[in-house]
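The following exercises are to be worked with the sequence and the coordinates at hand. Each task is followed by a stepwise solution.

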Amino acid sequence: MKKWTRKDLLGLEDLTREELLLLIDQAAAFKEISLRPIKKVPALRGRTVALCFLEPSTRTRASFELAAKRLSADILSFQGSSSSLVKGETVLDTARNIEAMRVDVLVIRDNTSGVPAMVARGVGCSVVNAGDGSHEHPTQGLVDLFTIREKKGRIEGLNVLIVGDILHSRVARSDFWGLVKLGARVTLCGPPTLVPPVMETLGAKVSYRLEEALPEADVVIALRLQLERQQERYIPSFREYTKLYGIDLEKLKTAKPDLIVMHPGPVNRGVELSPEVADGPQSVILEQVTNGIAVRMAALYLVSGTHHGQTAEVPEPSPEGVET
Amino acid sequence: MKAHVLDAEGIRKVFVRIAHEILEKGQGQDALCLVGIRSRGDHLAQRLAGLLQEMTGQPVPVGALDITLYRDDLSLVGSSPVVHSTEISFDITGRRVIVVDDVLFTGRTVRAAMDALTDLGRPESVELAVLVDRGHRELPIKADYVGKNLPTSKEQLVQVRLQETDGVDEVVIEERP
C-alpha cells in the first residue's frame, strides 16, 4: 500500500514517481468535496495551519486558505509587511515562535530560494512550500500535473512546452521535475537570456523559436513575464517578446487541434497570451485554479498525517480501529 | 484456524432475503436509494440494487461513499490513509437511503458514514444493511437488515471476499496471526 511518509512538501525534485502519483490521486478524490453544497469534511478538525506569506500573493494564499477550511482546520495568517520580520526577527525565529503556539502545518512563501527547507529543518511541525524565490512552487507544479492528467488522460509520452521566463520561474522548475518523473517530454522555450541552456543536461529540450516548438506540443504552459525583466535588460521590449513568444490565435493555427493552454496566473493579457487565447476553448486556466484547492487539500492532508501536533519523530503504533 | 461461514450461494440467498425485506418495509419505492461504504459495501450495494430492480422492474440509484475523512481515529493512525472519492450522482435529500456495508463491528464506520451523508443532504430516513454482524459494538448502532449474525471474539478476523475485489465470494473467520 502506498503511504506518504514525508513531514514536509518542499519541492517536486525530491519526490518519487509514486509520491507524485499519490498526491495527484488524492487531489482527484478531494475535488468532489468542493462540488458539494456543504464544502467541508472533518479530516483536519482541531489542527491548525499557519499561512506565512512573506511575499505578496492572492491566488495561492486564497487557495491554501480555502483548502485548509474545507478540511476543517483552524487558520492563522501572517503577512510579511505586518510581521515582526520587519522588526528584525529572523525567519527561523518567527517559525519557531509560530510552532510554539502548537501549529501543525506551516505554509511558507518567501522570495528567497531555500527558506522553507531551512525552516523545515529547524521545526518539528510540517512545512509546505508555497513558492520560494526561483526555486520551486510544488503545489502549482502538482496543479499542472493534475490538470494535464485530467484533460489528457495521461502524462507519459506527452510533449509539454513551457514558454517564457524559465530562468526566474519556480513554477517552471516544479513543472519540469514533475513532468520528467512522470514520463513527459519537456521543451523549454523563450528568449536566450531567459532560458538557461543547462536545463538541457537535466533532460529538457531547449528551443528559442516558438514557431518550431509549438506544432509538436500537446500542452503549452505560458509563464508570466515579470514587468521588471525589461528594466533588467533581459528583453529589449514587451512588444518584441509578444511578437516572438506571445501566443495568439494566429500562432495557435499551427498547433495540434487538441492542444491545451495553461498559465499559472496572473496573466498579462496581450503579453504572453492574447485575450482570445486566454479565454478560448483550448484554455484550461480557470480549471487550474479550481484544481488548486483539491491539490492543496491533498498536500495538507498528507503532511498532517505524519505527525500529531507534537515533535516530528514520534512514531505511533497504528491501532486497528478499522472494521475488517 | 479458519471457518467458512458463507459461500457464493449463501451470499446470494442472504441478499435475496434482504431485498425482500427492504421492499416489504418500504412504502415509496421511488425514493429508495442505496449507498455502499467503500471498499466492499459499494459492490454489495450494486448487487442489492440489481436484485431490487429484478423484483420491481425499476432502477434503484446507487452511490459509493468513502468515509476516510470522517474517521474518528484519523489522528491515531500512523500516516494519512488513502482517500477514494465519494460518488453519489443523485441528491439524497428526501430519499429513503439504505447504507450498505460488509461487516458491522464497532459501529464507528457507520457513525462516520452518517456524518458523511448529512454533509451531502437531508435524507428522509437512513437504514443500514450489512452482510455480517459480528458484535462488539462501541456505539449505539444497530442494523436494520442483517445477512448473518456471527458471534466472534475480538481476536478473530472476519474476512469478506467478493468477486469484484478478491475474485471469490466467501465469508470466513480467521484467527489473528
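**Exercise 1.** Determine how many residues of strand β6 (residues 185–189) of chain A are buried, and identify which residue stands opposite A:Val160.

*Solution.* Step 1: four of the five residues of β6(A) are buried, where a buried residue has 20 or more other C-beta atoms within 10 Å of its own, an exposed one 12 or fewer, and a partly exposed one a count in between, with C-beta atoms placed from the backbone. Strands (E, at least two residues) and helices (H or I, at least four) are DSSP runs numbered from the N terminus. Step 2: β6(A) runs parallel to strand β5 (residues 159–163) of chain A, and five bridges join them; pairing requires that DSSP find at least two bridges. Step 3: the residue opposite A:Val160 is A:Val186 in β6(A).

The model is predicted: local features need pLDDT of at least 70 and side-chain atom pairs count only at pLDDT 80 or more, while totals for chains, interfaces and linings use all residues. Residues are numbered from 1 along each chain as its sequence is written, and chains are lettered from A and ligands numbered from 1 in the order in which they are written.

**Exercise 2.** Establish which residues of α1(B) are buried and why they line one face of the helix.

*Solution.* Step 1: helix α1 of chain B covers residues 8–25; its 18 residues should span 26 Å, and the end C-alpha atoms are 26 Å apart, which agrees. The expected span is 1.5 Å times one less than the number of residues. Step 2: the buried residues are B:Ile11, B:Phe15, B:Ile18, B:Ala19 and B:Ile22. Step 3: viewed down the helix axis, these residues fall within an arc of 105°, so they line one face of α1(B); the arc is that of the directions from the axis to the C-beta atoms. Step 4: B:Glu9, B:Lys13 and B:Glu24 are exposed on the face turned away from the buried side. Step 5: the cover over the buried residues includes β1 (2–6) and α2 (41–56) of chain B.

**Exercise 3.** Describe the side of chain A that touches chain B by element and by residue class.

*Solution.* Step 1: 27 residues of chain A are in contact with 25 residues of chain B, contact meaning backbone-placed C-beta atoms within 7 Å. Step 2: α1 and α12 of chain A each give two or more residues to this side, and α1(A) gives the most, with four. Step 3: the side has eleven nonpolar, nine polar and seven charged residues. Here Ala, Val, Leu, Ile, Met, Phe, Trp, Tyr, Cys and Pro count as nonpolar, Asp, Glu, Lys and Arg as charged, and the others, Gly among them, as polar.

How values were computed
Contact = placed C-beta atoms within 7 Å.
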